[in-house]
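I opened my notebook to look up how a pair of helices pack. Here is what I wrote down, with the model in view.

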Amino acid sequence: MYQLRGVTKHYTRGKKTVHALAGVDLTIEDGGRLVIQGPTGGGKSTLLQMLGGLDRPTSGTVEFDGVNLADLPEAKLTKVRAESIGFVFQSFNLIPTLTAQENVETALVPLGLKGAARREQAERALESVGLGERAGHLPSELSGGQQQRVAIARALVKQPKVLLADEPTGNLDESTRDDIMELLEGLWKEHGLTFIMVTHDSSIARRAPRLATIRKGRVTITENAAA
Ligand SMILES: Nc1ncnc2c1ncn2[C@@H]1O[C@H](COP(=O)(O)OP(=O)(O)OP(=O)(O)O)[C@@H](O)[C@H]1O
């Protein structure tokens, strides 16, 4: 469970300060699904970075299961990320020289898993995203949608508690977008994940049961019981 209180993030360049987050209070229950939308520059990615422990707030607390990520030493923060949080990005971020299988296995290296166990778990993760047959392919030999499936397998192979996705369908055409959304929603249900996703896509936002709209660093929550 996440509990954010009074989270601010300021970026200073020269004399100019940008208030990317201007006091965010937010609770996200275990197993919940939250979609984050809002205008460009509103603070969506910054908020996701706080939730993922990829950056620290200027002030406020980001509690994850009762631990404040804001003041956790770097080594412990790295451990939380490696064990508990899966990330999916718009640009897939696969390593171009590694096969799909090897890309997925990279997520298991920090957990200390040995070769055979790594291979087996990565194979299963690729199968769960419908890419069992493509394990030996390089990213350049896969379509955009398939590359995103590999990235999703890499995010989930370690069985994290949380999946954070920043515009996961932003580089995909409409029908591939729908396939990827269906896959993510299916995996969310199947694994009981906490699933938090940033999107520009209003058709995805409309379908969200819980929507966080972020403008000028401030969050408004809308619940949609019909979604
Ligand atoms: N590293 C940084 N240094 C300086 N300013 C930054 C930095 N990262 C973000 N910002 C600024 O903080 C504000 C919020 O940025 P953020 O990327 O969170 O917005 P966003 O809602 O994700 O935007 P977009 O939809 O365009 O991706 C913007 O004004 C941005 O320019």
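Is the crossing of α5 and α6 right-handed or left-handed? I found it right-handed (the near helix is turned clockwise from the far one by less than a right angle; anticlockwise would be left-handed).

A reminder to myself: this is a predicted model, where local features need pLDDT of at least 70, side-chain atom pairs count only at pLDDT 80 or more, and totals for chains, interfaces and linings use all residues. Residues are numbered from 1 along each chain as its sequence is written.

Next I checked the geometry. The axes of α5 (residues 144-156) and α6 (residues 174-191) come within 10 Å and cross at roughly 15°. The axes are lines fitted to C-alpha atoms over the stretch in contact, with angles from 0 to 180 degrees between N-to-C directions. Helices here are DSSP runs (H or I, at least four residues), and strands are E runs of at least two, numbered from the N terminus. The two helices are therefore roughly parallel (angles under 35 degrees).

Then I looked at who meets whom. On the α5 side I noted residues including Gln-148, Ile-152 and Leu-156, and on the α6 side residues including Ile-180, Leu-183 and Leu-187; contact means C-beta atoms, placed from the backbone, within 7 Å.

Last, α5 itself. Ten of its 13 residues are buried, so α5 is largely enclosed by the rest of the structure (buried: 20 or more other C-beta atoms within 10 Å). Among the buried ones are Val-150, Ala-151 and Ala-153. The buried residues of α5 pack against β6 (85-89), α3 (100-105), α4 (115-128), β7 (162-166) and α6.

Notes:
Parallel < 35°, antiparallel > 145°, perpendicular 65-115°, else oblique. Contact = placed C-beta atoms within 7 Å. Buried ≥ 20, exposed ≤ 12 C-beta atoms within 10 Å, placed from the backbone.
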